[in-house]
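Please open the model in your viewer and set it to a cartoon view with side chains available on demand. The tour below goes from one selection to the next and says what is found at each stop.

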Amino acid sequence: MTAVISLVDTTENGRRPGLDLGDHPVFQALPPQVQSRAQSQGVLMHIAAGQTLAEDGHLTFVLSGVLGLFPNGGRICVAAVVAGSVHGWDQALHPECNRPEARALTDTLACRTPAASVIDGLGRDWLNRLVALQSSLRLMALAEEAACNGSHCVQERLAKWLVRLHCGANGAPLGLTQADFGAMLGVQRTSINAAAGRLQEKGLVKFGRGKVQILDLPGLRSASCGCGGGTPLPSTRPSPTAMRPAEPSSWAPPVEPTAA
């Protein structure tokens, strides 16, 4: 999966007080007149884990949390839309086309604004180029995910998704059960139970009462298959010059100076 820029949360529950559309890096890159229209029509909303996002011609600027994409409304997640990303560009270009269902994997804070408020100011040619680029990257990501599912064991894939969700949600609590992970990975719950037990025995994670606590993120990266931007297993680790950074790049809004 392609690495994306993400927001940095500074609170224990993964939500920074006052986080709004103006803090989103993609929004900040838009021309001022487009920003004005998008912000005037935008609605800040909390999306509970498990809730499906309505596909109604809006762009969703994810401020914190993670959305998962589920083809045909199924339970297998093929991609994650993390903080700092925008969902809905392809629907804005072709509203009638079939697309994966977007569902919150963790409690998510997002700002939704009508796609027209952004696209009318940027032009359809710009949107065509953006969606073409995203489509190419998405096909590559789907091919990599399919290859990963067919070649790596459940424990490695579970560790990969735990790292992906933890970093995508900027360390916010993961309110997912082992049954949820089984559905996402397309395996039986018993397989997830066994894989989760091995990861717990190594002191990497702790599962309990529908929540997952990451205890050792570097160790969990090493235990993962490394697909989608994670650190590969030692047996497949590339040379030091070709390795990715240990942590994904992040972005945080500037802190306003306080009055003396």
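What follows is a walk through a predicted model, taken one selection at a time.

**Stop 1: helix H2**

Begin by selecting helix H2, residues 32-41, and show the side chains of Val 34, Gln 35 and Ala 38, which are buried. These residues cover an arc of only 100° around the axis, so they sit on the same side of H2. If you then add Pro 32, Gln 33 and Ser 40, you will be looking at exposed residues on the face of H2 that is turned away from its buried side. To see what covers the buried residues, bring in helix H1 (25-28), S8 and H4, which are included in that cover.

**Stop 2: just past the end of H2**

Move along the chain to Gly 42, which is placed in the loop between helix H2 and strand S2 (43-47). Gly 42 counts as partly exposed because its relative accessible area is 24%, a value that falls between the limits of 20% and 50%. When neighbours within four places in sequence are left aside, the contacts of Gly 42 are Cys 111, Arg 112 and Thr 113. A distance label between the C-alpha atoms of Gly 42 and Phe 61, which are 19 residues apart along the chain, should read 9.6 Å.

**Stop 3: the salt bridges**

How many salt bridges does the count come to? There are three, and each can be selected as a pair.

- Select Asp 120 and Arg 37, whose side chains meet in a salt bridge at 3.9 Å, N to O. Asp 120 lies in helix H4 (residues 115-122) and Arg 37 in helix H2, so this pair ties together parts that are 83 residues apart in sequence. Asp 120 is exposed at 53% relative accessibility, whereas Arg 37 is partly exposed at 36%.
- Select Asp 56 and Arg 112, which form a salt bridge with their closest N and O atoms 3.2 Å apart. Here too distant parts of the chain are linked, since Asp 56 is in the loop between S2 and strand S3 (58-64) and Arg 112 is in strand S8 (residues 108-114), 56 residues apart. Asp 56 is partly exposed at 40% relative accessibility, while Arg 112, at 7%, is buried.
- Select Glu 101 and Arg 103, whose side chains meet in a salt bridge at 2.5 Å, N to O. Glu 101 is partly exposed, with a relative accessible area of 25%, and Arg 103 is buried, with a relative accessible area of 14%.

**Stop 4: a three-strand sheet**

Keep Arg 103 on display and add the open sheet of three strands, which has the order S5-S4-S7 and antiparallel pairing. Its edge strands are strand S5 (79-82) and strand S7 (101-104), each of which pairs on one side only. Neighbouring strands of this sheet are turned by 30° against each other on average, direction ignored. Strand S4 (residues 66-70) pairs with S7 in the antiparallel sense over four bridges, and Gly 68 stands opposite Arg 103 in S7. Next select helix H6 (residues 154-168), which lies across S4 and S5 and runs at about 20° to S5.

**Stop 5: the nonpolar cores**

In soluble globular proteins, nonpolar side chains tend to be buried together. In this model the largest nonpolar core has 33 residues, and those with the most contacts inside it are Leu 158, Leu 162, Leu 165, Phe 181, Met 184, Leu 199 and Leu 220. Among the elements that each supply at least two residues of this core are S4, S5, helix H7 (178-185), helix H8 (189-201) and helix H9 (217-223), while H6 gives the most, with eight residues. For a closer view, select Leu 199, whose contacts beyond four places in sequence include Leu 158, Leu 162, Val 205 and Leu 220. Apart from this core lies another, of 17 residues, among them Leu 21, Val 34, Leu 59 and Trp 89.

**Stop 6: the S9-S10 hairpin**

Finish with strands S9 and S10, which pair in the antiparallel sense over four bridges and form a hairpin with two residues between them. In the turn, Arg 209 has a positive phi of about 50°. Val 205 stands opposite Ile 214 in S10. Which side chains of S10 are buried? Val 212 and Ile 214 point to one face and are buried, whereas Lys 211 and Gln 213 point to the other and are not.

Technical notes. Residues numbered from 1 in each chain as written. Predicted model: local features only at pLDDT ≥ 70, side-chain atom pairs only at ≥ 80, totals over all residues. Heavy atoms only, no water. Buried < 20%, exposed > 50% of the residue type's maximum accessible area, 1.4 Å probe, protein only. Contact = heavy atoms within 4.5 Å. Salt bridge = Lys/Arg side-chain N within 4 Å of Asp/Glu carboxyl O. Pairing = 2+ DSSP bridges. Axes fitted to C-alpha atoms, helices over the stretch in contact; angles between N-to-C directions. Arc of directions from axis to C-beta. Core = buried A, V, L, I, M, F, W, Y, C linked by side-chain atoms within 4.5 Å.
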